[in-house]
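What follows is a guided reading of one chain, moving between its cysteines, its nonpolar interior, its buried polar and loop residues, and its charged pairs. Please keep the sequence and the coordinates at hand while reading.

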Amino acid sequence: MFQIFGKSKCFDTKKAERYFKERRIKYQYIDIIRYGMSRGELKSVSNALGVEALADPKDRDYALYQHLATDEARLEKLYEIPEMIRTPIVRNGKKATVGYCPEIWSTWQ
């Protein structure tokens, strides 16, 4: 089953949900602001995409995030402040995407 980690006010998260609903693909939605991501989930997504892909450059704390020395420190910051994570994150097992990526999702089925 697909997982969508998103923010309720994120336009791309709403588009991702609509994409799966229109195709009658089952998914689980997790509000990243309310529930966050576990360290394991965050690590799995960073392994698939790289840590740099996860941070939202529009976030007010992004400049601080960029000055962290290691990927581990950056992952820890994202774990502590889930608002900094770019959404939606769509997971399918070990595969993951950040942002609205229907061209990739269509290959996962």
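C101 is buried, with a relative accessible area of 10%. The model in which this residue is seen is a predicted one, and a search of the whole structure finds zero disulfides. For C101, the nearest cysteine sulfur is that of C10, which lies 12 Å away, whereas a disulfide would require the two sulfur atoms to be within 2.5 Å. C10 is likewise in no disulfide, with the sulfur of C101 being the nearest cysteine sulfur to its own, and C10 is also buried, at a relative accessible area of 14%.

From the cysteines we turn to the nonpolar interior. The largest nonpolar core has 18 residues, and the members that touch the most others are M37, L42, L54, Y65, L78, I85 and I89. Two or more residues of this core come from each of the helices α3 (39–49), α4 (62–66) and α5 (71–80), and from the strand β4 (95–98). L54 shows how such contacts are distributed: setting aside residues up to four places away in sequence, L54 touches L42, V45, S46 and L49, then L75 and L78, and further along the chain M84, I85, R86, I89 and V98. Apart from this core there is a second, separate one of 11 residues, which includes A16, Y19, I25 and Y27.

Two loop residues deserve a closer look. D59, in the loop between α3 and α4, is buried yet has no salt bridge, and the nearest side chain of opposite charge, that of R60, is 5.6 Å away. Since a salt bridge needs a side-chain nitrogen within 4 Å of a carboxyl oxygen, the separation of 5.6 Å between D59 and R60 does not qualify. What the side chain of D59 does reach is the backbone nitrogen of D61, at 2.8 Å. Leaving aside neighbours within four places in sequence, D59 is in contact with E83 and M84.

The other loop residue is P82, placed between α5 and β3 (89–92), and P82 counts as buried because its relative accessibility is 11%. Its C-alpha atom is separated by 5.7 Å from that of G36, although the two residues are 46 apart along the chain. When residues up to four places away in sequence are not counted, P82 touches K7, I32 and G36.

The charged pairs complete this reading, and the count comes to six salt bridges. One of them joins the side chains of K15 and D12, at 3.7 Å from N to O; these residues are three apart in helix α1 (residues 11–22) and are therefore separated by about one helical turn. K15 is partly exposed at 21% relative accessibility, and D12 is partly exposed at 28%.

A salt bridge between E76 and R39, whose closest N and O atoms are 2.7 Å apart, links distant parts of the chain, with E76 in helix α5 and R39 in helix α3, 37 residues apart. E76 counts as partly exposed at 30% relative accessibility, as does R39 at 46%. Helix α5 also provides R74, whose side chain meets that of E52 in a salt bridge of 2.1 Å from N to O. Because R74 lies in helix α5 and E52 in the loop between α3 and α4, the pair ties together parts that are 22 residues apart in sequence. In this pair R74 is buried, with a relative accessible area of 13%, whereas E52 is partly exposed at 43%.

Key:
Residues are numbered from 1 along each chain as its sequence is written. This is a predicted model: local features need pLDDT of at least 70, side-chain atom pairs count only at pLDDT 80 or more; totals for chains, interfaces and linings use all residues. Side-chain values use heavy atoms; hydrogens and water are left out. A nonpolar core is a set of buried Ala, Val, Leu, Ile, Met, Phe, Trp, Tyr and Cys residues joined through side-chain atoms within 4.5 Å. Buried means under 20% relative accessible area, exposed over 50%, partly exposed in between (1.4 Å probe, protein chains only). Helices (H or I, at least four residues) and strands (E, at least two) are DSSP runs, numbered from the N terminus. Contact means heavy atoms within 4.5 Å. Lys and Arg count as positive and Asp and Glu as negative; His and the chain ends are not counted. A polar contact is a pair of N or O atoms within 3.5 Å; within protein, one must be able to donate a hydrogen and the other to accept it, and residues adjacent in sequence count only if both atoms are side-chain atoms.
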